[in-house]
Amino acid sequence: MSGQTFDVVVIGAGPVGEVAAERAAMGGFKVALIEHELFGGECSYWACVPSKALLRPGNLLAAAKRMPGVVVGDALDPAQVLARRDSFTGRGDPQGQDHGQVDWARGVGVEPIRGHGRISGEREVTLSDGQVLTARHGVIVCTGSVPRNPPIPGLDTIKPWGSREASSSSAVPARLGVLGGGVVGVEMAQAWARLGAQVHLIITGRRPLPRLPEFAGDLVLAGLRADGVIAHTGSGIDEVSAVDGGGASLKLTGGEDLVVDELLVATGRVPATGNVGLDVLGLPTDGPLEVDESGRVSAVDGGWLYAAGDVTGRALLTHQGKYGARVAGDSIAARGRGEDISTAPWSRYSATADHHAVPQVIFTDPEVACVGLSEAREGSADRVVDIDIAVAGSALSADGYTGKARMVVDTDRGVILGVTFAGPDVAEMLHSATIAVVGEVPLDRLWHAVPAFPTISEVWLRLLEAYGL
């Protein structure tokens with residue numbers, strides 16, 4: 001492949017890179033897709049897919065226990081749960097863990113290339129074996145993000161878990177420490193607690209999920225505690241030291257000592273820009289690649305460099321990255337055909353939703369599902385409506401159902417700016433909220449969207465009634 005020329009070269013073959021490559025290929029272009037690990041990327045093997053596979057059995061068991069008349073056991077079978085997770089990630093597949101993703105790429109007209117790709121010049125990418133690929137129209141960087149570890153004294157004396165180890169471990173640790181109350185922290189704390197680990201969740205605030213409404217963090221914290229998770233709130237780790245025979249001793253903020261067999265550090269992620277060759281272009285290698293609405297990197301002359309997904313720092317979520325990848329792939333193809341494209345808000349070539357309607361689900365029990373704003377804008381006339389999720393559908397779903405919903409309304413325009421649901425089985429209601437926010441559906445029109453009875457979606461009527469319709 002030395003000296004090969006493609007129309008588009010994509011660096012990074014996770015879900016985001018796959019979508020960007022496919023969209024460019026759909027535009028009639030010859031596309032190379034480079035990956036130095038597994039085709040399918042972080043989400044497929046170490047994040048979204050395996051973590052949800054670990055969570056689902058526990059969520060089902062808990063839901064069954066909330067339903068009188070359903071006879072179930074008291075615990076999960078860890079071996080079967082881990083085996084089912086591995087079936088989703090292809091572990092042990094004799095054809096290779098990612099052969100399905102490689103076959104898919106070829107099937108959509110994309111050339112998969114293994115190796116580490118670095119930008120080495122204008123429209124040029126050099127692989128780790130010295131091969132040089134030239135792109136006629138452009139390069140799309142889709143290298144994702146990497147975990148960020150805090151500067152805790154002694155952390156380098158152990159091998160802490162990151163999100164990869166937490167989602168792929170082949171054994172249940174007897175004692176698991178989890179540092180961080182974000183999405184990874186709460187999801188993995190609950191998953192491993194339900195598989196039999198004694199879990200200590202260490203967070204700096206009074207509740208997890210600090211960026212969400214307080215009721216969401218409170219409900220999730222109550223769910224974690226119900227599963228036996230020991231929450232150390234208003235705390236942190238001041239020092240770590242290795243323990244003979246394995247494990248770690250943790251000195252918590254406030255003086256408490258704690259010994260664990262594994263420590264999951266879930267304190268956030270940063271864009272993976274450190275080894276992409278950005279220095280060749282005079283760009284920083286320790287921050288996100290800033291892009292315009294079409295995915296084009298603003299600071300590079302000639303308009304040939306694009307980026308999508310976590311590496312842009314916009315919204316570190318797989319589905320949102322794939323959305324940006326569709327925009328970038330379509331944009332580079334259209335421009336390559338000589339088309340004059342529009343990047344006006346909500347057009348095909350603009351990732352407008354990144355700024356207004358980013359949906360997210362935290363797959364704990366209870367779930368949290370949110371999109372758009374969770375608070376009123378400062379200095380605005382926005383109105384926040386909070387209600388309990390108490391409708392016939394929720395009562396039928398589970399005895400003792402507890403949940404809450406929030407709607408943020410732009411009162412000047414009469415449209416919804418954001419919605420947050422927290423409670424069992426709320427994830428499937430999120431897309432209706434996303435459509436309402438993206439479509440800027442007027443509340444007086446939304447009133448005519450009649451939810452079926454008896455479903456939990458009747459909460460929409462209660463929200464509109466609480467607003468005054």
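# Worked exercises on a predicted model

Trp161 has a relative accessible area of 8%, so this residue counts as buried. Keep in mind that the model is a predicted one.

**Exercise 1.** Work out which kind of aromatic pair Trp161 and Trp192 form, and what the pair ties together.

*Solution.*
- Start with the total: there are 3 aromatic pairs in the structure.
- Now take the rings of Trp161 and Trp192, whose centres are 5.9 Å apart with the planes at 50 degrees, so this pair is tilted.
- Next, place the two partners. Trp161 is in the loop between β7 (145-147) and α6 (163-168), while Trp192 belongs to helix α7 (residues 183-194), so the pair ties together parts that are 31 residues apart in sequence.
- Finish with burial: the cut-off is under 20%, so Trp192, at a relative accessible area of 0%, is buried.

**Exercise 2.** Find the rings that have the charged ends of Lys30 and Arg164 sitting over them.

*Solution.*
- For Lys30, look at Phe6: the charged end is over that ring, 4.9 Å from its centre.
- For Arg164, go to Trp46, where the charged end sits over the ring at 3.6 Å from its centre.

**Exercise 3.** Follow the chain from Asp410 into Thr411 and say where each residue lies, how accessible it is and what it touches.

*Solution.*
- Asp410 is part of strand β20 (residues 404-410). Its relative accessibility is 5%, so call it buried.
- Setting aside neighbours within four places in sequence, the contacts of Asp410 are Arg377, Asp382, Val415 and Leu417.
- A polar atom of the Asp410 side chain also lies 3.0 Å from the backbone nitrogen of Asp412.
- Thr411 sits in the loop between β20 and β21 (415-423). With a relative accessible area of 30%, Thr411 is partly exposed.
- Not counting residues up to four places away, Thr411 touches Ala381, Asp382, Arg383 and Tyr467. For Ala381, the backbone oxygen is 2.7 Å from a polar atom of the Thr411 side chain.
- As for Arg383, it is 28 residues from Thr411 in sequence, yet the C-alpha to C-alpha distance is 6.6 Å.

**Exercise 4.** Describe the second largest pocket and the largest cavity by volume and lining.

*Solution.*
- The second largest pocket holds about 290 Å³ of space. Of its 16 lining residues, Arg56, Asn59, Phe363, Glu367 and Asp425 lie nearest the centre.
- Helix α3 (residues 48-65) gives the largest share of that lining, with 6 residues.
- On to cavities: there is 1 of 30 Å³ or more. The largest cavity has a volume of about 110 Å³.
- Its lining has 17 residues, with Gly309, Thr312, Arg314, Gly324 and Asp354 nearest the centre. Helix α9 (residues 318-336) supplies the largest share, 4 residues.

**Exercise 5.** Check the backbone for cis peptide bonds at Pro366 and Pro454, and for positive phi at Arg123 and Asp425.

*Solution.*
- Asp365 and Pro366 are joined by a cis bond with omega about 10 degrees; Pro366 is in the loop between β17 (360-362) and β18 (367-372).
- Phe453 to Pro454 is also cis, with omega near -5 degrees, and Pro454 lies in the loop between α13 (443-446) and α14 (459-467).
- Arg123 is not a glycine, but its phi is positive, about 55 degrees. Its loop runs between β4 (117-121) and β5 (124-127).
- Asp425, not a glycine either, has a positive phi of about 60 degrees. Look for it in the loop between β21 and α12 (430-438); at a relative accessible area of 44%, Asp425 is partly exposed.

Methods:
Residues numbered from 1 in each chain as written. Predicted model: local features only at pLDDT ≥ 70, side-chain atom pairs only at ≥ 80, totals over all residues. Heavy atoms only, no water. Helix = DSSP H or I, 4+ residues; strand = E, 2+ residues; numbered from the N terminus. Buried < 20%, exposed > 50% of the residue type's maximum accessible area, 1.4 Å probe, protein only. Polar contact = N/O pair within 3.5 Å; in protein donor to acceptor, adjacent residues only side chain to side chain. Contact = heavy atoms within 4.5 Å. Phe/Tyr/Trp six-rings, centres within 6.5 Å; stacked < 30°, edge-to-face > 60°. Lys NZ or Arg CZ within 6 Å of the ring centre and 35° of its normal. 1 Å grid on protein atoms, 1.4 Å probe; cavity = no way out; pocket = protein on both sides within 12 Å on 5 of 7 lines; lining within 4 Å. Points joined across faces, edges and corners; volume = space filled by probe spheres on them.
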